[in-house]
Amino acid sequence: MATRSPWPRPLSLPCCCLLLLALGGPGFFQSHAVEVDVKDLSNNTCIHAKWMMSFLIKYETNSSEYKNATLMPSTNVTHDGSTCGNNTHAPLLAIQFGAGHSWSINFTKTNETYQGNIISFTYNTNDAVFKDAKTKGPITVVVKDNMHPVQLNTVYKCHHRDSIEVANVSLFFWDVTLQAFVQNGTVSKNDSVCEADKSTVAPTTVANLTTAPITTASSPLPTTTSKPVEKPLIGNYSIKDGDKICLLATMGLQLNVSQEKPVLININPKTTNVSGSCGNTSATLRLNDSNRRLIDFTFAVKNTSTNTQRFYLKEVNITLISFINGSEPLNAGNSNLSIWDTFLGSSYMCQKEQTVLVTEDLQIHTFDLRIQPFKVQNNRYSKAEDCSPDVDNFIVPITVGAALGGLVALVLMAYFVSHKKHRNAGYQQF
């Protein structure tokens, strides 16, 4: 878990908002906490906020492939445009960070409650994290906030990791402390806890998540037996282009995370949303399990030396939000894959368990896999090429053995025939 230093007390400066940052602990990427006090001309606080957030953005490259980029507020954050509002403009909390990225939210209220209203996020694909982005420049997405109304003069708190998806952007928020329309410049001592935090007071069960036990030679054997990890459910996924299916996938998925301790996570197809894109040379399948586990599979087409086309799995990107209680978000990927190689127009099938190496600390196990990301006809799989490594290993020795056995039988038959003729010739001499 990340360790945090105590928050410094914000300075009192008129007509401004104050912003503080704290770096989180280790992970595939670091988390950054932000604290903002927006003050009016009388130096009274009108908005107090402290939260953590990250952004996962899918973008198209010059080669018509799709990649993921992760953004998080860093130390070079500004807060221009934040305001307490007036009779014509709503209070606004705004920050700017990185190479031209910005995020903002405005607030509305009634006689009794307040809530977030419109979230605006602008990301700049000129940033180096977008590498060879096909579209360069700032891109803005706008979405309605899903925050429930909060009583006035009450601080809203939510440690639960929540997410909002709009277009090709996923916004993640957690460890939120917020009060808008602060009265008399004093942050309230009354709290309003989000429903998600209330529901996790008692231990929760994450779908098919098991922590593998770790024992040493000197450790006593556990008195209870750990429940073995079940095989994941098989999910059927598809993407449509218009009214026709352009990508088909069937598989069971299990994530193997080895950060601080081994954790196996089964992806539940019953709680997984499917999205993605299809193209002539690149296709992406995106699986989102309960806004906590996001997996992107990117497929590509290649030309072989015999002028035939084949498709293969080229890239995998994974984002895990709170994969165990209290853990930091993880984001990892591998863009140098070359597996599930199959003739274009066919489907790839492998019923045995396979392992896709994402990083040394993160792997994907697949079960009963069948995939066709290109040239789907009549909304059905085409003829499959089977990985069948076990079958092949048995067929080769059986075939060789049968051939050798047949050869031995022919030699023996030739010997007996020749020997019989020789004996008959001996009898005729008498």
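Visitor: What makes Arg286 and Asp296 a salt bridge?

Guide: In this predicted model, the closest N and O atoms of Arg286 and Asp296 are 3.3 Å apart. The cut-off is 4 Å between a side-chain nitrogen of Lys or Arg and a carboxyl oxygen of Asp or Glu, so the pair qualifies. Arg286 sits in strand S19 (residues 282-289) and Asp296 in strand S20 (residues 293-303), so their salt bridge ties together parts that are ten residues apart in sequence.

Visitor: How do you know whether Arg286 is buried or exposed?

Guide: Its relative accessible area decides that: Arg286 has 5%. Buried means under 20%, so Arg286 is called buried. Asp296, at 3% relative accessibility, counts as buried too.

Visitor: What makes Asp341 and Arg310 a salt bridge?

Guide: Their side chains meet with 2.2 Å from N to O, and the limit is 4 Å. Asp341 belongs to strand S23 (residues 339-343) and Arg310 to strand S21 (residues 309-320), so this pair ties together parts that are 31 residues apart in sequence.

Visitor: Why is Arg310 called buried, and why is Asp341 called partly exposed?

Guide: Set each value against the cut-offs. Arg310 has a relative accessible area of 16%, and buried means under 20%, so Arg310 is buried. Asp341 has 25%, and the range between 20% and 50% is called partly exposed, so that is the label for Asp341.

Visitor: Which residues are linked in a network of salt bridges?

Guide: Lys302, Arg310, Asp341 and Glu385 are linked in that way. A search of the whole structure finds ten salt bridges.

Visitor: What ties the loop between S7 and S8 to strand S3?

Guide: The side chains of Lys134 and Glu60 do, in a salt bridge of 3.7 Å from N to O. With the cut-off at 4 Å, the pair counts. Lys134 lies in the loop and Glu60 in S3 (residues 45-60), so the salt bridge joins parts that are 74 residues apart in sequence. Lys134 is partly exposed, with a relative accessible area of 47%. Glu60 is partly exposed as well, at 27% relative accessibility.

Visitor: Why is strand S7 described as largely enclosed by the rest of the structure?

Guide: S7 covers residues 113-124, and nine of its twelve residues are buried, so the description follows from that count.

Visitor: How do you know that S7 pairs with S8?

Guide: Pairing needs at least two bridges, and seven join S7 to strand S8 (residues 138-144), in the antiparallel sense. One of the positions to look at is Phe121, whose bridge partner in S8 is Val141.

Visitor: What makes S6 and S9 partners of S7 as well?

Guide: Strand S6 (residues 101-109) runs antiparallel to S7 and is joined to it by seven bridges. Trp103 stands opposite Phe121 of S7. S6 and S7 form a hairpin, with three residues between them. Strand S9 (residues 150-151) is also antiparallel to S7 and has two bridges to it. The requirement is at least two, so that pairing counts. There, Thr113 stands opposite Gln151.

Visitor: What makes the phi of Asp368 worth a look?

Guide: Most residues other than glycine have a negative phi. Asp368 has a positive value, near 50°. Asp368 lies in strand S26 (residues 362-372) and is partly exposed, with a relative accessible area of 27%.

Visitor: Where does Asn379 lie, and what is its phi?

Guide: Asn379 is in the loop between S26 and strand S27 (384-386). Its phi is positive, about 60°, although Asn379 is not a glycine. At 39% relative accessibility, Asn379 counts as partly exposed.

Visitor: How do you know whether Gln372 is buried or exposed?

Guide: Gln372, in strand S26, has a relative accessible area of 0%. The cut-off for buried is under 20%, so Gln372 is buried.

Visitor: What does Gln372 touch?

Guide: Leaving out residues up to four places away in sequence, Gln372 touches Cys246, Leu247, Leu248, Gly345, Ser346, Ser347, Arg380, Tyr381 and Ser382. In addition, a polar atom of the Gln372 side chain lies 3.0 Å from the backbone oxygen of Lys375. A polar contact needs N or O atoms within 3.5 Å, and the 3.0 Å between Gln372 and Lys375 meets that distance.

Methods. Residues are numbered from 1 along each chain as its sequence is written. This is a predicted model: local features need pLDDT of at least 70, side-chain atom pairs count only at pLDDT 80 or more; totals for chains, interfaces and linings use all residues. Side-chain values use heavy atoms; hydrogens and water are left out. Buried means under 20% relative accessible area, exposed over 50%, partly exposed in between (1.4 Å probe, protein chains only). Helices (H or I, at least four residues) and strands (E, at least two) are DSSP runs, numbered from the N terminus. A polar contact is a pair of N or O atoms within 3.5 Å; within protein, one must be able to donate a hydrogen and the other to accept it, and residues adjacent in sequence count only if both atoms are side-chain atoms. Contact means heavy atoms within 4.5 Å.
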